[in-house]
Amino acid sequence: MGDFSRLPTGHVARRVRRDDAARVLSSVSSPWTSAPLRERQAAMEKFQIVISPDVVDVLRHEHEQIRQLCIDVRKAGPGRRRQELAALGQTFYRHQLGERAVAHPAVRNSGADGNAIALGIQLKSEQLDRSLTEILRLGVEHADFDATFATLSDGLLAHAADQESDEFPLLRRHVSAQRLHMMAGAMNDIRIMALD
Ligand SMILES: [Fe+2]
């Protein structure tokens with residue numbers, strides 16, 4: 001999957017991609033333009049799935065952002081560390097919001113082990129939320145900051161690794177491609193409603 005961070009996301013993106021698909025279809029003389037409406041709509045759905053990220057793509061991309069922000073906090077000088085830490089906190093909060101509302105519920109219904117896997121990952125992520133709140137309260141200038149942040153960073157990296165090895169394969173195996181794309185849109189809509 002390429003870098004889609006500069007592209008619009010969620011329902012706006014779906015509308016844009018749908019327009020792109022319609023433009024492509026209308027520019028082709030045959031067989032598209034003579035195809036029945038239902039076939040043209042099906043073709044547009046396939047076009048949308050191919051070029052837009054699904055929920056696993058979105059979450060994997062966010063994990064990369066979280067990994068990079070952990071590096072940025074460690075590397076930042078005193079003048080920027082507070083800002084980088086705040087960015088990490090906001091990114092993880094938004095990430096968890098979407099996972100709890102959309103991804104974990106779907107994993108719970110995916111196979112015999114889905115419920116236990118989703119519950120385990122969610123409990124650890126709730127602990128990470130508490131650790132982030134505590135380190136923000138501690139402050140970047142505290143003598144214990146580096147050691148405390150190292151533990152937090154290890155937990156965030158473990159979250160990403162666990163989810164990518166345990167949850168994402170279940171979603172890919174048990175949930176249809178179309179549903180995974182709809183979940184990406186639903187996750188974006190939930191975040192917009194919660195954060196507005
Ligand atoms: Fe995650």
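A residue counts as buried here if 20 or more other C-beta atoms lie within 10 Å of its own. The legends below describe a predicted model.

**Figure 1. Val56 of helix 3 and its surroundings in the predicted model.** Val56 lies in helix 3, and this residue is buried because 21 other C-beta atoms lie within 10 Å, against a threshold of 20 or more. Setting aside residues up to four places away in sequence, Val56 touches Phe168, Leu171, Arg172 and Leu180. Although Val56 and Leu180 are 124 residues apart in sequence, their C-alpha atoms are 7.4 Å apart in space.

**Figure 2. The chain as a whole and its pLDDT values.** The chain contains seven helices and zero strands, so that, read from the N terminus on, its elements run α-α-α-α-α-α-α. Of its 196 residues, 21% count as buried, and among contacts with a separation of 6 or more, 73% are made by residues 24 or more positions apart. The pLDDT averages 83 over the chain, with 74% of the residues scoring at least 70. Residues 1-18, by contrast, have a pLDDT below 50, and beyond near neighbours in sequence this stretch has 23 contacts in the model. Residues 24-33 also have a pLDDT below 50, with nine contacts in the model beyond near neighbours in sequence. Where pLDDT is low, the predicted coordinates should not be read in detail.

**Figure 3. Helix 6, its bend and its packing partners.** Helix 6 covers residues 145-174, and because its 30 residues should span 44 Å at 1.5 Å a residue, the 42 Å between its end C-alpha atoms agrees with expectation. The helix bends by about 40° at Glu164. Its buried residues are Phe149, Leu152, Leu156, His159, Gln163, Glu167 and Leu171. An α-helix has 3.6 residues a turn, so residues three or four places apart point the same way. The buried residues of helix 6 pack against helix 3 (55-75), helix 4 (78-108), helix 5 (114-138) and helix 7 (177-195).

**Figure 4. Gln163, a buried residue of helix 6.** Gln163 is found in helix 6, and it is buried because 24 other C-beta atoms lie within 10 Å. Not counting residues up to four places away in sequence, Gln163 touches Ile121 and Phe168. The C-alpha atoms of Gln163 and Ile121 are 7.1 Å apart in space, while the two residues are 42 residues apart in sequence.

**Figure 5. Helix 5 and what covers its buried residues.** Helix 5 has 25 residues and reaches 36 Å from its first C-alpha to its last, close to the 36 Å expected at 1.5 Å a residue. Gly114, Ala118, Ile121, Ser125, Leu132 and Ile135 are buried in this helix, and what covers its buried residues includes helix 4 and helix 6. Helix 5 is followed by Gly139, whose phi is positive, near 95°.

**Figure 6. Leu85 of helix 4 and its contacts.** Leu85 lies in helix 4 and is buried because 22 other C-beta atoms lie within 10 Å. Apart from its neighbours within four places in sequence, Leu85 is in contact with Val73, Leu136 and Val140. Leu85 and Leu136 are 51 residues apart in sequence, yet 7.7 Å apart in space, C-alpha to C-alpha.

**Figure 7. Helix 7 and its buried residues.** Helix 7 has 19 residues and reaches 27 Å from its first C-alpha to its last, close to the 27 Å expected at 1.5 Å a residue. The residues buried in helix 7 are His181, Met183, Ala184, Gly185, Met187 and Asn188.

**Figure 8. Two separate nonpolar cores.** In soluble globular proteins, nonpolar side chains tend to be buried together. The largest nonpolar core of this model has 13 residues, of which Val55 and Met187 touch the most other members. At least two residues of this core come from each of helix 3, helix 4, helix 5 and helix 7, and helix 3 gives the most, with four residues. Met187 touches Val55, Val58, Gly98, Ala101 and Val102, not counting residues up to four places away in sequence. A second core, separate from the one just described, has 11 residues, including Val73, Leu88, Phe92 and Leu152.

Methods
Residues are numbered from 1 along each chain as its sequence is written. This is a predicted model: local features need pLDDT of at least 70, side-chain atom pairs count only at pLDDT 80 or more; totals for chains, interfaces and linings use all residues. The expected span of a helix is 1.5 Å times one less than its number of residues. The bend at a residue is the angle between axes fitted to the seven residues ending there and the seven starting there. A residue is buried if 20 or more other C-beta atoms lie within 10 Å of its own, exposed if 12 or fewer, and partly exposed in between; C-beta atoms are placed from the backbone. Two residues are in contact if their C-beta atoms, placed from the backbone, lie within 7 Å. A nonpolar core is a set of buried Ala, Val, Leu, Ile, Met, Phe, Trp, Tyr and Cys residues joined through C-beta atoms within 7 Å. pLDDT is the predictor's confidence in each residue, from 0 to 100.
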